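Work through the exercises below with the sequence and the coordinates at hand, and try each task before reading its solution.

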Amino acid sequence: MTTKKPPVPVALLMLIGIIAISFSAIFIKWSSAPASVQAMYRLLFTSLLMAPFVRPYSGALAKLRLKDWLLLAASGFMLALHFLLWMGSLEFTSVASSTMIMALEPVFIMIGSFLLYKERSSVSAVAGLGVAIVGVVFIGWGDIGLSQDNLKGDLLSIFGTAAVAVHLMIGKKLVARMPSYLYSLIVFIIAGAVFALYNLATGTAFFDYPPKEWGIFALLAVVPTVFGHILFNWLLQYTSATTVSMNILGEPVGASMLAYLLLGERLTGLQWGGGVLVLGGLACYLYVGARIAIREEERQRSYMQEAQVLPENAS
């Protein structure tokens with residue numbers, strides 16, 4: 001692991017990032033604009049903020065092959081589908097239910113990695129994700145007691161989570177061959193273009209929104225994206241991916257607290273119980289993953305040390 005230190009303590013930056021992404025659902029709830037419009041401008045404004053810093057990656061851009069562009073298009077489409085479904089879910093269900101379900105992203109990634117790459121997980125990790133799935137059932141059960149619309153929102157969140165898992169699996173393949181900054185920018189632009197076409201096809205207005213809505217569009221780009229997701233990507237040079245991934249547990253907690261304070265949303269006992277199971281199961285999964293990653297890092301370090309010693313012994 002790198003010994004570099006950021007100008008600000010990692011723990012403080014992680015807290016800032018968790019608070020920032022927790023505001024995403026709050027801004028969406030505050031807006032009366034269609035989810036497709038919110039997502040389009042969020043991606044457009046984020047792309048405009050990132051574009052001035054893309055020049056160092058022009059060489060990598062020129063090296064992209066047709067296969068890379070096709071994968072980028074697929075990743076951008078799945079990101080757009082994620083935003084459309086997840087942001088749409090917030091019209092029907094609570095912030096807590098939607099964000100806790102979205103935290104199940106590792107479940108879909110694990111399933112997809114097994115089906116596509118034959119990657120296997122430990123029994124403990126699978127058990128942890130199983131507990132998290134049971135938690136989602138509890139959340140859905142509790143939402144049924146409120147209204148059918150709540151259950152509809154839960155289902156939209158589940159499908160949206162599956163879509164972002166596919167987006168991330170494609171991204172994992174692409175960032176092995178291109179800079180992550182360039183990948184993110186291109187995918188944001190493609191996803192934004194998908195929403196523009198979607199809004200044109202559905203006759204959704206592009207510009208007829210009051211100043212409050214434009215302010216929310218800008219906040220969605222700056223707060224949860226720049227000070228959330230992009231900040232987490234930047235932190236990867238100072239800490240492990242496992243540590244950064246723990247923000248997946250912080251978002252539903254932070255979003256639920258903000259929803260209670262700013263929106264007056266309250267949860268039923270079943271929803272609270274389901275949330276505890278989801279976060280507990282995911283914590284178990286991430287802990288097991290961290291232990292496996294540490295053992296693999298130690299194994300690789302030992303192998304490299306042996307490789308350096310062998311030539312000396314051979315002489």
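The three exercises that follow concern a predicted model, and each solution goes step by step.

**Exercise 1.** Find which residues touch the most other members of the largest nonpolar core, and which helices supply at least two residues of this core.

Solution. Begin with the core itself, which has 43 residues, and among these Leu 72, Met 87 and Met 178 touch the most other members. Next, turn to the helices: α1, α2, α4, α5, α8, α9, α10 and α12 each supply at least two residues, and the largest share, nine residues, comes from α9. Then take Met 178, which, leaving aside its neighbours within four places in sequence, is in contact with Leu 64, Leu 72, Tyr 183 and Ile 186. Finally, another core of seven residues lies apart from the largest one, and its members include Leu 13, Met 14, Phe 232 and Tyr 238.

**Exercise 2.** Decide whether Ser 75 is buried or exposed, and identify the side chain that a polar contact joins to that of Ser 75.

Solution. Ser 75 is placed in helix α4. Its relative accessibility is 0%, which is under the cut-off of 20%, and therefore Ser 75 counts as buried. The side chain of Ser 75 is joined to that of His 167 by a polar contact of 2.8 Å. Beyond its neighbours within four places in sequence, Ser 75 is in contact with His 167, Ile 170, Tyr 183 and Val 187.

**Exercise 3.** Compare the expected span of α10 with the distance between its end C-alpha atoms, and locate its bend.

Solution. At 1.5 Å a residue, the 25 residues of α10 should span 36 Å, and because the end C-alpha atoms are 34 Å apart, the two values agree. The helix α10 bends by about 40 degrees at Thr 225, and Thr 225 is one of the buried residues of α10, as are Pro 224 and Gly 228.

Conventions:
Residues numbered from 1 in each chain as written. Predicted model: local features only at pLDDT ≥ 70, side-chain atom pairs only at ≥ 80, totals over all residues. Heavy atoms only, no water. Core = buried A, V, L, I, M, F, W, Y, C linked by side-chain atoms within 4.5 Å. Buried < 20%, exposed > 50% of the residue type's maximum accessible area, 1.4 Å probe, protein only. Helix = DSSP H or I, 4+ residues; strand = E, 2+ residues; numbered from the N terminus. Contact = heavy atoms within 4.5 Å. Polar contact = N/O pair within 3.5 Å; in protein donor to acceptor, adjacent residues only side chain to side chain. Expected span 1.5 Å × (residues − 1). Bend = angle between axes of the 7 residues up to and from the residue.
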